[in-house]
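Good morning, and thank you for coming. Please take a moment to look at the sequence and the structure before I begin.

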Amino acid sequence: MPGHRSITEAEKLAAAKLGGVPIRREQMAAVANIYRAASAVRQHLENSVLRGSDLTWTAFVVLWVVWVWGESETRHVAEEAGISKGTLTGVARTLESRGLLRRADHPSDGRLVLLSLTEEGDAFMQRVFPAFNEEEAFVTARLSDAECRSLAEGLRSVVLQVEEHGEERRQSLLGGAEPAPRRSGRRPRA
């Protein structure tokens, strides 16, 4: 198994492997670097500010979503956090056991569950988020404020493209078929 490679080494290896293959290299580099940046930032934040709070990235994102949106149905929290409802169930139970999150039945639909922060959860986010934001500043330190705004706008455009046209594109690529369901604990089929 190869060891950790720098982004520069990875780019050189990819360029050598692809040689004369007719591909859109700039778009490939953009998507590859979105993934690499997200992984690097997540790992840094989990191993720094979140480690001191004994939180995973996912748990922090769930707290963030509920902190910002207020009391919300679990399905909306899962969607905003980018996780499955099953994953949210485990994360919510852990956060509830720590006294940071409260689960309650929906007042008019017994099938739904609402999540809200406890007073302790709200105080926790008010205390931890400034430290988290300091690390956001650290990981973007090589960018000016204008470059940060431009990057944020560019990434927002990527998200909007997928949100607005991704389903249509998926249908076209799969000939209208539904994607195969993910099998838990296994990698998607290649």
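I shall speak about the annotated domain, the nonpolar core, one helix beside it, and finally the salt bridges.

Please keep in mind that this is a predicted model.

Let me begin with the annotation. The UniProt record, an unreviewed entry, lists residues 27-164 as "domain: HTH marR-type". Within residues 27-164, helix accounts for 72% of the chain and strand for 9%. The C-alpha atoms at the two ends of this range lie 19 Å apart.

I turn now to the interior. As a general point, nonpolar side chains in soluble globular proteins tend to be buried together. Which residues have the most contacts inside the largest nonpolar core? They are L55, F60, V62, L63, L95 and L101, in a core of 28 residues. Several elements give two or more residues to this core: the helices α3 (49-52), α4 (57-69), α5 (74-81), α6 (85-97) and α7 (119-139), together with the strand β3 (113-117). The largest share comes from α4, which supplies 7 residues.

L63 serves as an example from this core. If we set aside its neighbours within four places in sequence, L63 is in contact with L55, L95, L100, L117, F124 and M125. Two of these partners, L55 and L95, are themselves named among the residues with the most contacts inside the core.

Next, consider helix α5. Its buried residues are V77, A78 and A81. Why do they lie on the same side of α5? The reason is that they cover an arc of only 100 degrees around the axis. These buried residues of α5 pack against α4, β1 (72-73), α6 and β3. After α5 comes G82, which has a positive phi, near 75 degrees.

Finally, the salt bridges. How many does a search of the whole structure find? The search finds 4, and I shall describe some of them.

One of them joins R42 and E46, with the closest N and O atoms 3.9 Å apart. The cut-off here is 4 Å, so a distance of 3.9 Å falls within it. R42 and E46 are 4 residues apart in helix α2 (residues 25-46), so about one helical turn separates them. R42 is partly exposed, at 35% relative accessibility, and E46 is also partly exposed, at 24%.

Another salt bridge links E96 with R103, and here the closest N and O atoms are 2.9 Å apart. E96 has a relative accessible area of 29% and is partly exposed. R103, with 33%, is partly exposed as well.

A further salt bridge is formed by E167 and R170, whose closest N and O atoms are 2.5 Å apart. These residues are 3 apart in helix α8 (residues 145-173), so they too are separated by about one helical turn. E167 is partly exposed, at 46% relative accessibility. Is R170 buried or exposed? R170 counts as buried, because its relative accessible area of 17% is under the cut-off of 20%. Leaving aside neighbours within four places in sequence, R170 is in contact with A177, E178 and P179.

To close, I would ask you to find two places in the model. The first is L63, with its contacts to residues including L55 and F124. The second is R170 in helix α8, which forms a salt bridge with E167. Thank you for your attention.

Notes:
Residues are numbered from 1 along each chain as its sequence is written. This is a predicted model: local features need pLDDT of at least 70, side-chain atom pairs count only at pLDDT 80 or more; totals for chains, interfaces and linings use all residues. Side-chain values use heavy atoms; hydrogens and water are left out. A salt bridge is a side-chain nitrogen of Lys or Arg within 4 Å of a carboxyl oxygen of Asp or Glu. Buried means under 20% relative accessible area, exposed over 50%, partly exposed in between (1.4 Å probe, protein chains only). A nonpolar core is a set of buried Ala, Val, Leu, Ile, Met, Phe, Trp, Tyr and Cys residues joined through side-chain atoms within 4.5 Å. Contact means heavy atoms within 4.5 Å. UniProt positions are given in the numbering used here, feature names are shortened, and annotations may be inferred rather than shown by experiment. The arc is that of the directions from the helix axis to the C-beta atoms.
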